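Visitor: Could you take me through this structure step by step, with the reasoning spelled out for a first-year student?

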Amino acid sequence: MELDLRLPYSTEGLPGLGGQLRAAPDAFVVEEIPLYEASGAGQHLYVNITKEALTSREVQRGLAEAFDLPYRAVGFAGMKDKHARTTQTFSLLVGHVDEEFVRAAPARISAKTPVTVNWVRLHRNKLKKGHLLGNRFTITVTRPAVDGELAMERAAAIAAQLRDGGLPNFYGPQRLGQNGANVRRGWELLRGEKRIANRWLRSLLLASVQSYLCNRYLALRQQQGRFARLLTGDIAKKHDTGGLFVVSDQAAEQSRYEQKEISFTAPIYGPKMWEAEAESGELEQAVLSESGLDIASLAKAKMMGTRRLGRILLNDLSVSQKGTDIVVAFSLPKGAFATTVLREFMKVSDDLLAHAAVEDSSSDEDSGN
């Protein structure tokens, strides 16, 4: 199948900044937004750290060594990039310990791992993949293609439009691979043309096919002028509670959509996906039919499917100027890609964006595999 990787801009008509990303770790800052706070009691020691030049796995190993624990006794909610300044929390199964143990923990950690320990606190359960609300990003776009005053004017105009209407929750190019390479390999697996023994890689490649189809759905919805409104039969999500429901009365629910109380969800195709109905269901089916795939073939490959938030809201999006550079700050829910926001500001090639430190690994959960 011929892939269509083109994605429309939500800020079409507004010129971009150009520029580059990640001139230094402090130009790409990520802070985890926790799902819950540590209670202060329990057998798991929660350790909040800030790191640079280390992967989350390397920190996990260092923490295990510092406390003489098995590797799997250390948990975390999501991967954070090595080439960035990132703040996240780890949990360590230390058992019943006294206050002196907790007070001594930061020094013990620092002796083994070159991280900054922000705080330590006990809690009752292990941190697991997806145990976070999202991430807060502060990203510096360096060397804009236009001078400082014009760059700031462009950034402010783009930010205002994105805050007003949000944007589609596209998967970033790093998920799909360069020029869709991961998607093509995933398709070969589905057609039985290739086999891969590595379970993690196989899962990643198959998930990239689902991600591509989700992007196609969102792109078509936007191109057809159906992003700014709900469709009859949408599976909508309540932003405050996370509850899902079928939109049976579009006119009655549209005001809630415009007030940002609810958003539609997009399909991650598979047999366990809650299928949309009516107009929304017709669009979902059209995208699947275009691909030449069907639910049976996805089920055979154990691609179970789910639903993904279709619209990202950027209520806290801000831009500022730092010398000649532009600093963009915003929060994203777990599973969303910062490239989706950055591409609107920069309007550069996907190849440049794909190398940015932008994805939290908890996004893998919404493949439904």
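**A sheet, a helix pair and two cores**

Visitor: Which strands stand at the edges of the open sheet of four strands?

Guide: This is a predicted model, and in it the four strands of an open sheet follow the order E9-E8-E10-E11 with antiparallel pairing. A strand with a single partner has one side left without a neighbour in the sheet, and that is so for the two strands at the edges, which are E9 (244–246) and E11 (306–309).

Visitor: What is the average twist from one strand to the next?

Guide: In this sheet, with its antiparallel pairing in the order E9-E8-E10-E11, the twist is taken from one strand to the next, and its average is 45°.

Visitor: Which residue in E11 stands opposite Ile268?

Guide: Strand E10, residues 262–268, runs antiparallel to E11, and four bridges join the two. Ile268 therefore belongs to the span given for E10, and the residue that stands opposite Ile268 in E11 is Thr306.

Visitor: At about what angle does helix H6 run to E10?

Guide: Helix H6, made of residues 199–223, lies across both E10 and E11. Its direction relative to E10 is given by an angle of about 135°.

Visitor: Is H5 roughly parallel or roughly perpendicular to H6?

Guide: The axes of H5 and H6 come within 8 Å and cross at roughly 110°. Angles of 65 to 115 degrees count as roughly perpendicular. The contact includes Trp187 and Leu190 of H5 together with Val209 and Leu213 of H6, and by class it has ten nonpolar, three polar and two charged residues. The crossing angle makes the relation of H5 to H6 roughly perpendicular.

Visitor: Which element supplies the largest share of the largest nonpolar core?

Guide: This core has 40 residues, and Trp187, Leu190, Val209, Leu213 and Leu293 touch the most other members. Helix H5 (181–190), H6, E10 and helix H8 (278–291) each supply at least two of its residues. Apart from this core lies another, of 31 residues, among them Ala84 and Ile326. The largest share of the 40-residue core, ten residues, comes from H6.

Visitor: How many of the nine residues of helix H10 are buried?

Guide: Buried means under 20% relative accessible area, and in H10 the buried residues include Arg343 and Glu344 as well as Val341 and Phe345. Helix H10, residues 338–346, is largely enclosed by the rest of the structure, because the number of its nine residues that are buried is nine.

Visitor: Which residue with a positive phi follows H10?

Guide: Just after H10 comes a residue whose phi is positive, near 50°, and that residue is Lys347.

Terms used:
Residues are numbered from 1 along each chain as its sequence is written. This is a predicted model: local features need pLDDT of at least 70, side-chain atom pairs count only at pLDDT 80 or more; totals for chains, interfaces and linings use all residues. Side-chain values use heavy atoms; hydrogens and water are left out. Two strands pair if DSSP finds at least two bridges between them. Axes are lines fitted to C-alpha atoms, for helices over the stretch in contact, and angles run from 0 to 180 degrees between N-to-C directions. Contact means heavy atoms within 4.5 Å. A nonpolar core is a set of buried Ala, Val, Leu, Ile, Met, Phe, Trp, Tyr and Cys residues joined through side-chain atoms within 4.5 Å. Buried means under 20% relative accessible area, exposed over 50%, partly exposed in between (1.4 Å probe, protein chains only). Angles under 35 degrees count as roughly parallel, over 145 as roughly antiparallel, 65 to 115 as roughly perpendicular and the rest as oblique. Ala, Val, Leu, Ile, Met, Phe, Trp, Tyr, Cys and Pro count as nonpolar, Asp, Glu, Lys and Arg as charged, and the others, Gly among them, as polar.
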